Amino acid sequence: MKKIETTCKLVMNHLCDNLGEDLDSPKCLDIKTHLESCPNCRSFFNTINSTVEFYKKYNVKLDDKGHKELLSILGLNEDDSNDDE
Amino acid sequence: MTNTSNKITDEQLIAEAIKGNKKALTEIVLRYEQTVYNFAFKICRDKDKAEHAMQETFLSMVKSLKQFSGKSKLSTWLYTIVSNHCLMLARSKKKYDYTVLENEDGLVNDKFISDWKFNPEKLSENQELKDILDNAIEKLPHDYKVVFLLRDVEGLSTKETSEIVNLSIPAIKSRLHRARAFLRNELNKTLHV
């Protein structure tokens, strides 16, 4: 079977498909090898990873006012909680 | 979404809430309010809209609790409801200004590859960076945004994401691929060194 050349384009497309998933397939092992020797693909991989991490770390906390308003709208009371601890 | 109490399962709480037990219903709300609010914010990128979507989500939950089949997890059901409420809020906007993601080749290219001047650890102290993230994700069409957030940010499986947004697994993979590449390219415009 003719071996398909691992190009930057192929690597980038495949990384987008598989980021965060199992990278142990033969195709991915080729890609890992390519990554080690290609600064362009490494940068692309790192920035895709950073993109996901940025959005993971960008969180907001519900404040006490919002929490109380929610319970009030639902006709519930904090003291009704089942949690006895 | 994580279960914060290991004493009583969600299924047990739902069964009790259906019988009219307010303590059980309150416990469900306390378990999931933060996650629902945070997820709504990530879609709406606006605290007031996120609070409104959260309230509507729990009102819908209470109204249709008896219809909850238990086939999927409570969290999956809540993600479905909140996604739909956020979509309704988005549709109520007067104009659509989403980017059309059509050209696959344009999304993934090897031009202008560079490292970034910010890293994710610096996010909490940087409002400028938060604005950049908000602006980039606002341009994504709703279903791409929800797929990216559920799969990559919330860490749900492809199958769970597929159930929530009612799309096939290949369609989820395609949207995820394109959303990641689009966001990466948008951020690269301002973050590259």
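This is a short tour of a predicted model, with suggestions for what to select at each stop.

**Stop 1: the two chains**

Start by colouring the model by chain. Select chain A, and you will find 4 helices and 0 strands. Walking from its N terminus, the elements read α-α-α-α. Chain A has 85 residues, and buried ones make up 19% of them.

Now switch to chain B. Here there are 9 helices and 0 strands, so to speak a run of α-α-α-α-α-α-α-α-α from the N terminus on. Of the 193 residues in chain B, 40% are buried. If your viewer can draw a contact map, look at chain B there too: among its contacts with a separation of 6 or more, 67% are between residues 24 or more positions apart.

**Stop 2: the two domains of chain B**

Stay with chain B and give residues 10-91 one colour and residues 104-191 another; these are domain 1 and domain 2. Measured out over C-alpha atoms, the domain centres lie 24 Å apart. Where they touch, domain 1 of chain B contributes 11 residues and domain 2 of chain B contributes 14.

Which helices of chain B each supply at least two residues on the domain 1 side? Select α2 and α4 to see them. Helix α4(B) gives the largest share of that side, with 6 residues. By class, the domain 1 side that touches domain 2 of chain B has 5 nonpolar, 4 polar and 2 charged residues.

**Stop 3: α2 against α3 in chain B**

Next, select residues 22-44 of chain B, which form helix α2, together with residues 47-63, which form helix α3. The two pack at an angle of about 140 degrees, and their axes are 8 Å apart. Helices count as roughly antiparallel only over 145 degrees, and α2(B) and α3(B) are therefore oblique to each other. The crossing of α2(B) past α3(B) is right-handed.

Turn on side chains to see who takes part. From α2(B), the contact includes B:Leu25, B:Val29, B:Val36, B:Tyr37 and B:Phe41. From α3(B), look for B:Ala50, B:Met54, B:Phe58 and B:Val62, among others. Counted over the whole contact of α2(B) with α3(B), there are 12 nonpolar residues, 1 polar and 4 charged.

**Stop 4: α4 against α8 in chain B**

Now bring up helix α4 (residues 74-91) and helix α8 (residues 158-165) of chain B. Their axes are 9 Å apart and meet at an angle of about 45 degrees, which makes α4(B) oblique to α8(B). This crossing, too, is right-handed.

On the α4(B) side, select B:Thr76, B:Tyr79, B:Thr80 and B:Ser83. Facing them from α8(B) are B:Glu160, B:Glu163, B:Ile164 and B:Val165. The contact of α4(B) with α8(B) divides into 3 nonpolar, 3 polar and 2 charged residues.

**Stop 5: B:Glu186**

For the last stop, zoom in on B:Glu186, which sits in helix α9 (residues 169-191) of chain B. Is B:Glu186 buried or exposed? It counts as buried, because B:Glu186 has 20 C-beta neighbours inside 10 Å.

Which residues does B:Glu186 touch, leaving aside those up to four places away in sequence? Select B:Ala136 and B:Lys139 to see them. Finally, draw a distance from B:Glu186 to B:Tyr144, 42 residues apart along the chain: their C-alpha atoms are separated by 15 Å.

Conventions. Residues are numbered from 1 along each chain as its sequence is written. Chains are lettered from A and ligands numbered from 1 in the order in which they are written. This is a predicted model: local features need pLDDT of at least 70, side-chain atom pairs count only at pLDDT 80 or more; totals for chains, interfaces and linings use all residues. Axes are lines fitted to C-alpha atoms, for helices over the stretch in contact, and angles run from 0 to 180 degrees between N-to-C directions. Angles under 35 degrees count as roughly parallel, over 145 as roughly antiparallel, 65 to 115 as roughly perpendicular and the rest as oblique. A crossing is left-handed if the near helix is turned anticlockwise from the far one by less than a right angle, and right-handed if clockwise. Two residues are in contact if their C-beta atoms, placed from the backbone, lie within 7 Å. Ala, Val, Leu, Ile, Met, Phe, Trp, Tyr, Cys and Pro count as nonpolar, Asp, Glu, Lys and Arg as charged, and the others, Gly among them, as polar. Domain bounds come from an automatic or database domain assignment. A residue is buried if 20 or more other C-beta atoms lie within 10 Å of its own, exposed if 12 or fewer, and partly exposed in between; C-beta atoms are placed from the backbone.
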